[in-house]
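Here's a quick walk through the fold, written for someone who would rather look at contacts than read a catalogue. Keep the viewer open as you go.

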Amino acid sequence: MLFSQRKKLKVTLLHLFVLCSAQHSEQPETRQVKGIVGTFFYFPERVLNSGNLLYGDLGSIAQVYPGKQSNTNLEKRYKNRLHWNNVTGVFTLSDLQIYDSGVYTMENTDEGMTTHIFQLTVYYVLSKPQVTVHDDISCSVMCSVENGREVTLSWYKGGEILNQTSSPDHNITLSLPLKLDEQNRDSYRCEAANPVSKETAVVPHSCIESDPSKVTDGDERTRDCLIIAVICVLVASGLVGFAIYLKKRRDRHSHADSPERKQDDVQYAEITHIKPAENQEERTGIPEMESLKDNPNLTVYYTLQLHHMPASEDVDTA
């Protein structure tokens, strides 16, 4: 009797073990899915007639009833954002937010009971990283971007990654410095990436233009032409200035040799009028002589002219 009971107990335990093993083996695999803030997320499985959608510890957030009826406003946080299409049977979550990340379980009772589990992770779209120059000569640069979930910041040269950084603190700004080589500076780029987006920034032109390898033969010819042009302008300016100097000098000599200049060099002597002697007959009645009395400082030439004129008149009279 006791042996029979023990045997039955063993069989029961064996059945329980097999049942638990079967249930464990049928546990659905969790599928990793991604979403972007502000966009729509379409759950990849459908509920056509009846079923439930559950979220983490909140439990059921949407229900589908036979007859194409549904209730998707079971939770306030999903109100007017969670929808079920009665034709396709697809659940849609709109205006995704970071806090929508988590584990969603879809129970489909259309034909028996099937379960699907989704691990949803919502990400921000990255902004473009900024590259700033700390030193134009050595071309030391810094690349920065706002941090977020699973963000990495990397420097590349061509297809080769030079260095990379990330941080679990989502409230900081990621920064990554780099000193560029003198050659091929335009082959560097800074890249910010997360699972849903990627943005790239290039090295500023101030560094690329100072790259010695970027000085081409055309640039050298242009530089030589500019130098020659500057020299020609300087020589022409010197010749024009010298010509002006010679012209001014020639004008000064011409002015010095002119009759007007010679007349200006004539010096006049002061003449003192001498009263005629008593035995000398004084000429009277000549207006010019009367003016000579009044102005004794007249020139010798003028006085001689005055003396000559009366004498000429006497000869003519005679």
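A helix here is a DSSP run of H or I with at least four residues, and a strand is a run of E with at least two, both numbered from the N terminus. Bear in mind that this is a predicted model.

With that in hand, take residues 226–246. UniProt, in an unreviewed entry, lists this stretch as "transmembrane region". In the model the span is 100% helix and 0% strand, and its end C-alpha atoms are 31 Å apart.

**The sheets**

Now for the strands. One open sheet has 3 strands, ordered β2-β7-β6, and pairs antiparallel. Its edges are β2 (41–46) and β6 (82–84); each has a single partner strand, so one side of each has no neighbour in the sheet. Ignoring direction, neighbouring strands in this sheet are turned by 20° against each other on average. Between β6 and β7 (residues 90–93) there are 3 bridges, with the two strands running antiparallel. Look there for Trp 84, which stands opposite Phe 91 in β7.

Another open sheet has 4 strands in the order β13-β12-β15-β16, again with antiparallel pairing. Here β13 (160–165) and β16 (197–202) are the edge strands, each pairing on one side only. From one strand to the next, the twist averages 25°. Strand β15 (residues 188–194) pairs with β16 over 6 bridges in the antiparallel sense, and Asn 194 stands opposite Ser 197 in β16.

**Salt bridges**

How many salt bridges does a search of the whole structure find? It turns up 2, and they look like this:

| Pair | N to O distance | Separation in sequence |
|---|---|---|
| Glu 45 and Arg 31 | 2.9 Å | 14 residues |
| Asp 100 and Arg 81 | 2.9 Å | 19 residues |

In the Glu 45 and Arg 31 pair, Glu 45 sits in strand β2 and Arg 31 in strand β1 (residues 30–36), so the contact ties together parts that are 14 residues apart in sequence. Is that pair buried or exposed? Neither: Glu 45 has 23% relative accessibility and counts as partly exposed, and Arg 31 is also partly exposed, at 35%.

The other pair links two loops. Asp 100 is in the loop between β7 and β8 (102–108), while Arg 81 is in the loop between β5 (69–71) and β6, so parts 19 residues apart in sequence are tied together. Both Asp 100 and Arg 81 are buried, which means each is under 20% relative accessible area.

**The nonpolar cores**

Which residues touch the most other members of the largest nonpolar core? Out of its 20 residues, the answer is Phe 43, Leu 53, Leu 82, Phe 91 and Tyr 104. At least two residues of this core come from each of β2, β3 (51–55), β4 (59–65), β6, β7, β8 and β9 (114–123).

Phe 91 is a good one to click on. Leaving out residues up to four places away in sequence, its contacts include Phe 41, Phe 43, Leu 53, Val 64, Leu 82, Trp 84 and Met 106. Trp 84 is also the residue standing opposite Phe 91 across the β6 and β7 pairing.

There is a second, separate core of 19 residues, with Val 145, Leu 178, Tyr 188 and Ala 201 among them.

Conventions: Residues are numbered from 1 along each chain as its sequence is written. This is a predicted model: local features need pLDDT of at least 70, side-chain atom pairs count only at pLDDT 80 or more; totals for chains, interfaces and linings use all residues. Side-chain values use heavy atoms; hydrogens and water are left out. Two strands pair if DSSP finds at least two bridges between them. Axes are lines fitted to C-alpha atoms, for helices over the stretch in contact, and angles run from 0 to 180 degrees between N-to-C directions. A salt bridge is a side-chain nitrogen of Lys or Arg within 4 Å of a carboxyl oxygen of Asp or Glu. Buried means under 20% relative accessible area, exposed over 50%, partly exposed in between (1.4 Å probe, protein chains only). A nonpolar core is a set of buried Ala, Val, Leu, Ile, Met, Phe, Trp, Tyr and Cys residues joined through side-chain atoms within 4.5 Å. Contact means heavy atoms within 4.5 Å. UniProt positions are given in the numbering used here, feature names are shortened, and annotations may be inferred rather than shown by experiment.
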